[in-house]
Amino acid sequence: MAKKDITEENKEDVNNGGYDAPKNINEVEVINTYELEEKAKEVVPKGGFDYMSGASGDEFTLKQNTKVWDKKGILPRVLADVEFPETSTSIFGEELKVPFVMSPIAAHGLAHQTKEAGTARGIAEFGGSIMSISAYSGASFSEIEEGLKDNKRWFQIYMSKDDEMNKNIIDEAKSDGASAIILTADATLGGNRDRDDRNKFVYPFGMPIVSRYLKGDAKNMSLNNIYAQSKQKISTDDVRFLKEYSGLPVFVKGVQTPEDAMSAIGAGADGIWVSNHGGRQLDGAPGSFEALEAISQAVQGRAPIVFDSGIRRGEHMFKALAAGADIVGIGRPVLYGLALGGWQGVKSVFEYFEKDLKRVMQLAGTQTIEDIKKARLFDIK
């Protein structure tokens, strides 16, 4: 399938419901996840691909997310008596077979016709990880459950300006089986995403979860229009509200400074999610990995840390865990796998990261995830 440009001939298809997302279901050979992006570009309509892969401004922070890995190196350890490394870990009492989860991302239907249900099935078939469901999902909770089939899930909320509506959404998420709430705090409005503006991109389908507080169901809306109808003044009071009402562990996502991490914990947050939204918000912000070590040193184990933005290899996961993360989130590579092979492509991406992390662990002389956390990284000049 060749990629589609947004021209007068196909603008209606891309923007008004005739969106031609891939629909094939097949395993995907993953040599590395950078190549997945190149291959996905050939099969995903241009507007959708630019939305998934693009970022804000000059895309400095997007590029920095992957460049910063080259500032730290891994010390190989020998005579370490390591064989068949063990990747199991836990968070909030939930046992995982790998230390990585699916980060919350909107609108999986841009990548594949099965939308979030396809991603959910891929994660469920892999087993032992967690899917973070975005409030800006293009699928309903029930549709996602068809793929997820009782697998663990967290729910990421973009809050309404009406707290009664927020309670309604939280109630539905809890009824669906969410075991934690993720408050995305760094997206009170959209970044200046030039690619989307140039394409005049709008969502080709609705967003069932947040449609209850949108004027319309998000179909044919731009991201800025949707953000404008969501709550924009986010404070520590919102952390307290979510914690008290949900009764679930609450993450604050988008943390990039030690001060914000401590503020979140002081407001009752159970977890800190270090992320710069994949470079899609404030351009010129640090690469996510640049912020991690200082935040970890400030938190000092008071709350688990999830890290995302820029994960493309097992080495990246290792470095993030060694620098203070407890769990790593993966995002774009999963969507590219979804585009190339549906749920089987998602499973292929998860299997790649598991295999690649184990390879790095053995070469670095680390048997367990706790061993990684004790590993020393070195500065690369």
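This dialogue goes through several features of a predicted model.

Trainee: At which residue does UniProt place the feature "active site"?

Mentor: The unreviewed UniProt entry places that feature at His-277. In the predicted model, His-277 belongs to the loop between β9 (271-274) and α12 (288-299).

Trainee: Does His-277 count as buried or exposed?

Mentor: The general idea is a cut-off: a residue under 20% relative accessible area is buried. His-277 has 12% relative accessibility and therefore counts as buried.

Trainee: With which residues is His-277 in contact, leaving aside its neighbours within four places in sequence?

Mentor: The partners of His-277 are Tyr-158, Thr-184, Asp-186, Ala-187, Arg-193, Tyr-227, Lys-253 and Ser-309. With one of them, Asp-186, the side chain of His-277 forms a polar contact of 3.0 Å.

Trainee: Thr-184 appears among those partners. Where is the place of Thr-184?

Mentor: Thr-184 is in strand β7, which comprises residues 181-184. Its relative accessible area is 6%, so Thr-184 is buried. Beyond its neighbours within four places in sequence, Thr-184 touches Gln-156, Ile-157, Tyr-158, Lys-253 and His-277. The side chains of Thr-184 and Gln-156 are joined by a polar contact of 2.9 Å.

Trainee: How should one read a pair of packed helices?

Mentor: Two packed helices are described by the angle between their axes and by the distance between those axes. Here, the axes of α2 (residues 33-41) and α14 (residues 332-363) come within 12 Å and cross at roughly 170 degrees. An angle over 145 degrees counts as roughly antiparallel, and α2 is therefore roughly antiparallel to α14.

Trainee: Which residues of α2 and α14 meet?

Mentor: From α2, the residues are Thr-33, Leu-36, Glu-37, Lys-39 and Ala-40. They meet Pro-333, Tyr-336, Ala-339, Leu-340, Val-349, Tyr-352 and Phe-353 in α14. By residue class, this contact of α2 with α14 comprises 9 nonpolar, 1 polar and 2 charged residues.

Trainee: What, in general, determines which way the residues of a helix point?

Mentor: An α-helix has 3.6 residues a turn, so residues three or four places apart point the same way.

Trainee: How many residues of helix α3 are buried?

Mentor: Helix α3 (residues 46-53) is mostly covered, with 7 of its 8 residues buried. The buried residues are Gly-47, Gly-48, Phe-49, Asp-50, Tyr-51, Met-52 and Ser-53.

Trainee: Against which elements do the buried residues of α3 pack?

Mentor: They pack against α2, α4 (60-67), α8 (194-199), α9 (223-229) and α14. The list thus includes α2 and α14, the two helices whose axes come within 12 Å.

Terms used:
Residues are numbered from 1 along each chain as its sequence is written. This is a predicted model: local features need pLDDT of at least 70, side-chain atom pairs count only at pLDDT 80 or more; totals for chains, interfaces and linings use all residues. Side-chain values use heavy atoms; hydrogens and water are left out. UniProt positions are given in the numbering used here, feature names are shortened, and annotations may be inferred rather than shown by experiment. Helices (H or I, at least four residues) and strands (E, at least two) are DSSP runs, numbered from the N terminus. Buried means under 20% relative accessible area, exposed over 50%, partly exposed in between (1.4 Å probe, protein chains only). Contact means heavy atoms within 4.5 Å. A polar contact is a pair of N or O atoms within 3.5 Å; within protein, one must be able to donate a hydrogen and the other to accept it, and residues adjacent in sequence count only if both atoms are side-chain atoms. Axes are lines fitted to C-alpha atoms, for helices over the stretch in contact, and angles run from 0 to 180 degrees between N-to-C directions. Angles under 35 degrees count as roughly parallel, over 145 as roughly antiparallel, 65 to 115 as roughly perpendicular and the rest as oblique. Ala, Val, Leu, Ile, Met, Phe, Trp, Tyr, Cys and Pro count as nonpolar, Asp, Glu, Lys and Arg as charged, and the others, Gly among them, as polar.
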